[in-house]
Amino acid sequence: MKMIFMKKALFSAALGALLLALAGCGYALVGRSANIPPDVKAVYLQPLTNQTQRQQVEQSLTQAIASELVTRQRFSLVASESQANAEIVGAVTAFTITPVTFDQTGRANEYEIAITAQITFKRVGTEGKVIWKSSGYTFRENYPLDPTAVDFVDRENETIDRASKRFAETLVTDLLEGF
């Protein structure tokens, strides 16, 4: 009887230790990276520049990043560099559309959009210390196309907006977590 009681007590203690370890595994720290100086409270998002032939892709990305920063509430987004402790600057450096699947006649019926950007999160002022940087941040999104449809550009624009939203979510997560 004592043996059964001891096994249960040992099991309970091991289970308690495991739960305690899992509770302290760091999930509560998401978005509060030690890489970001604690005095960085206000961020200026400089509109991204466009180094591609595709018009307006930088506008969609800039808007999506701003929206994601506001949603996360880690920083206040300010209207000018003079009001900020840090700024995000960058450029869309590549934009490609590639057919990925084809029908029986050889016509493409699904495309992939790939957007690549260079993004830098840095301190404002003379120091300009880089907090986070990626020279080739790439995001891909697929979209189907009915070969008889006349809305090719509309589907492309919708996909750019959808990809921009997911791009921004991933980018801000990486920025906040220091990856």
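Which backbone oxygen does the side chain of Arg 74 reach? In this predicted model, the side chain of Arg 74 reaches the backbone oxygen of Val 40, at a distance of 3.2 Å. Arg 74 lies in the loop between α2 and β3 (76–78), and this residue is buried yet has no salt bridge. The nearest side chain of opposite charge belongs to Asp 39, which is 8.1 Å away from Arg 74.

The overall architecture provides the setting for these details. The protein has three helices and six strands, and these elements follow the pattern α-β-β-α-β-β-β-β-α when read along the sequence. The protein comprises 179 residues, of which 37% count as buried, and it exposes about 11100 Å², with carbon and sulfur atoms supplying 56% of that area. Among the contacts in the protein with a separation of 6 or more, 68% are accounted for by residues 24 or more positions apart.

The structure holds eight salt bridges, one of which involves Asp 39, whose side chain meets that of Arg 123 with an N to O distance of 2.8 Å. This pair links distant parts of the chain, since Asp 39 is placed in the loop between α1 (2–23) and β1 (42–45), whereas Arg 123 belongs to strand β5 (residues 108–123), 84 residues apart. The two partners fall into separate accessibility classes: Asp 39 counts as partly exposed because its relative accessibility is 40%, while Arg 123 counts as buried because its relative accessibility is 14%, the limit for a buried residue being under 20%.

Strand β5 also contributes Lys 122, whose side chain meets that of Glu 87 in a salt bridge with an N to O distance of 3.9 Å. Distant parts of the chain are again linked, with Glu 87 in strand β4 (residues 86–102) and Lys 122 in strand β5, 35 residues apart. In this pair the acidic partner, Glu 87, is buried, with a relative accessible area of 4%, and the basic partner, Lys 122, counts as partly exposed at 25% relative accessibility.

A further salt bridge joins the side chains of Arg 166 and Glu 141, with an N to O distance of 2.5 Å. Here the link runs between distant parts of the chain, from helix α3 (residues 152–177), which holds Arg 166, to strand β6 (residues 130–144), which holds Glu 141, and the two residues are 25 residues apart. Arg 166 counts as partly exposed, its relative accessibility being 39%, whereas Glu 141, at 9% relative accessibility, counts as buried. The arrangement extends beyond a single pair, as Glu 141, Arg 162 and Arg 166 are linked in a network of salt bridges.

Arg 162 can in turn be placed relative to helix α2. Ala 64 is found in this helix (residues 57–72), and its C-alpha is 9.3 Å from that of Arg 162 in space, although the two residues are 98 residues apart in sequence. Leaving aside neighbours within four places in sequence, Ala 64 is in contact with Ser 164, Lys 165 and Ala 168. Ala 64 counts as buried because its relative accessibility is 14%.

Conventions. Residues numbered from 1 in each chain as written. Predicted model: local features only at pLDDT ≥ 70, side-chain atom pairs only at ≥ 80, totals over all residues. Heavy atoms only, no water. Salt bridge = Lys/Arg side-chain N within 4 Å of Asp/Glu carboxyl O. Helix = DSSP H or I, 4+ residues; strand = E, 2+ residues; numbered from the N terminus. Buried < 20%, exposed > 50% of the residue type's maximum accessible area, 1.4 Å probe, protein only. Contact = heavy atoms within 4.5 Å. Areas by Shrake-Rupley, 256 points an atom, 1.4 Å probe, with all protein chains shown as cover. Lys, Arg positive; Asp, Glu negative; His and termini not counted. Polar contact = N/O pair within 3.5 Å; in protein donor to acceptor, adjacent residues only side chain to side chain.
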